[in-house]
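Let's take a walk through this structure together, one region at a time. Keep the 3D view open and turn it as you read.

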Amino acid sequence: MEKLDAKTLISNSNTFRIADLGCATGPNTFFLIDDIIKSVETTLGSNSLKTTKPEFLVFFNDLPKNDFNTLFISLPQDRSYFAVGVPGSFHGRVLPESSVHMVVTMGATHWLSNVPKEVMDISSKAWNKGKVHYSDAPEEVVKAYEEQFGRDMEKFLEARAIEIVSGGLLVVGMCGIPKEMPFSNLADSIMYSSMADVLLQMQFEGLISEEQVETFNIPIYSASPEEVTVLVEKNGCFTVESMELMDPTAWLKRPMNVEDVQQWMVCIKATMGSLFINHFGDHLLNDIFDRLTAKLAGLTEKIESSYRKKVMLFFALKRK
Ligand SMILES: C[S@@+](CC[C@H](N)C(=O)[O-])C[C@H]1O[C@@H](n2cnc3c(N)ncnc32)[C@H](O)[C@@H]1O
């Protein structure tokens with residue numbers, strides 16, 4: 001809120017407009033929106049000469065296949081804002097020109113628009129044989145993912161530059177990584193290689209085909225602050241107000257145990273489950289995740305040693 005001049009932004013109207021991109025079905029999005037509204041109200045309350053209370057309009061965006069019915073049914077009854085659902089990919093325009101004062105997106109922009117084509121092309125040097133992610137993969141695979149993220153973030157920033165009013169804020173929280181740190185240093189790397197092991201074992205057992213295994217890749221990319229800064233500068237429409245990496249496990253004071261791993265896999269199943277369903281079918285989802293959880297439960301010490309890293313990237317940009 002230190003970075004947002006809410007009073008000037010709503011001087012021509014009395015409505016403050018917020019968008020949450022990749023909102024899913026709640027409740028995280030509701031907590032986030034509540035926090036923003038309380039902060040804006042506090043800022044306006046202390047500075048505003050206006051006597052009328054500001055009104056809030058919130059655009060909830062996600063991909064069209066998101067369960068918007070659940071989102072709408074779960075909207076807090078006592079909310080202090082009007083709610084709109086906006087289906088569509090944030091890699092393109094989802095809102096009218098200069099229509100929002102603040103855009104937030106949490107845990108969504110590390111999802112690529114698609115797996116880079118060359119990673120699935122058997123004749124390409126970037127063919128990602130025997131793996132499900134660029135972690136520990138040949139340089140060509142890493143480059144293909146990196147370039148896909150660059151193209152996606154370019155489109156994301158271009159669209160937001162049109163939608164956000166001058167002086168408005170874009171706040172992003174996504175998977176990140178310190179510059180120069182190899183992905184193989186992270187706990188997620190252990191998860192991705194365990195996923196590949198589980199799938200290869202299931203192929204060996206005849207439950208899935210070799211082709212299915214070789215064409216399965218997770219379209220997620222962790223960017224460094226420096227990488228994002230270059231893309232923001234290339235776009236040219238925003239100033240960087242803040243850019244930092246945080247450790248999402250800092251709150252966990254004791255060593256990681258089996259229950260933590262199980263909890264972690266519940267989250268991964270919730271966020272990545274649909275990828276597995278689309279590729280391998282509904283009937284194998286539980287089997288895949290049971291095997292993965294069991295495998296990782298035997299690796300808690302290894303995971304603990306690579307867990308405590310700054311892998312959440314947060315940045316705030318102001319529209320020039
Ligand atoms: C891990 S969930 C995060 C949900 C919520 N923001 C939170 O913090 O709990 C990521 C969400 O981003 C959405 N998403 C991924 N790619 C997207 C895109 N290109 N456009 C819009 N939403 C997208 C997914 O559908 C999913 O609901």
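Pro27 sits in the loop that runs between S1 and helix H2 (28-47). Keep in mind as you look that this is a predicted model. The peptide bond between Gly26 and Pro27 is cis, with omega at about 0 degrees. A second loop worth a visit is the one between S4 and H4, where you will find Asp136. Asp136 is not a glycine, yet its phi is positive, near 65 degrees. Both spots catch the eye because most residues other than glycine have a negative phi, and most peptide bonds are trans.

Now step back to the sheet. What is the order of the strands in this open sheet of 7 strands? Reading across, you meet S3-S2-S1-S4-S5-S7-S6, and the pairing is mixed. Strand S3 (82-87) and strand S6 (238-246) are the edge strands, each pairing on one side only. On average, neighbouring strands of this sheet are turned by 15 degrees against each other, direction ignored. As a reminder, strands of a sheet pair through backbone hydrogen bonds, either parallel or antiparallel.

For a parallel example, look at strand S4 (residues 100-106) and strand S5 (residues 164-175), which are joined by 6 bridges. Within this pair, Val104 has Val171 in S5 as its bridge partner. Helix H4 (residues 139-163) packs on the sheet, where it touches strand S1 (15-21), S4, S5, S6 and strand S7 (312-319). The direction of H4 makes about 150 degrees with that of S5. Helix H7 (residues 225-235) packs on the sheet as well, touching S6 and S7, and its direction makes about 170 degrees with that of S6.

Let's finish at the ligand. Which residues come nearest to the ligand? Of the 15 residues around it, these are Gly22, Asn28, Asp62, Phe90 and Met106. The shell is made up of 6 nonpolar, 8 polar and 1 charged residues.

Several polar atoms of the protein can be picked out beside ligand nitrogen atoms. A polar backbone atom of Met106 is 2.8 Å from a nitrogen atom of the ligand. In the side chain of Ser89, an N or O atom lies 3.0 Å from a ligand nitrogen, and for a polar side-chain atom of His91 the distance to a nitrogen atom of the ligand is 3.5 Å. How much of the ligand does the protein bury? Taken alone, the ligand exposes 600 Å², and the protein buries 79% of that.

Note on methods. Residues numbered from 1 in each chain as written. Predicted model: local features only at pLDDT ≥ 70, side-chain atom pairs only at ≥ 80, totals over all residues. Heavy atoms only, no water. Pairing = 2+ DSSP bridges. Helix = DSSP H or I, 4+ residues; strand = E, 2+ residues; numbered from the N terminus. Axes fitted to C-alpha atoms, helices over the stretch in contact; angles between N-to-C directions. Contact = heavy atoms within 4.5 Å. Near = heavy atom within 4 Å. Polar contact = N/O pair within 3.5 Å; in protein donor to acceptor, adjacent residues only side chain to side chain. Areas by Shrake-Rupley, 256 points an atom, 1.4 Å probe, with all protein chains shown as cover. Nonpolar A, V, L, I, M, F, W, Y, C, P; charged D, E, K, R; others polar.
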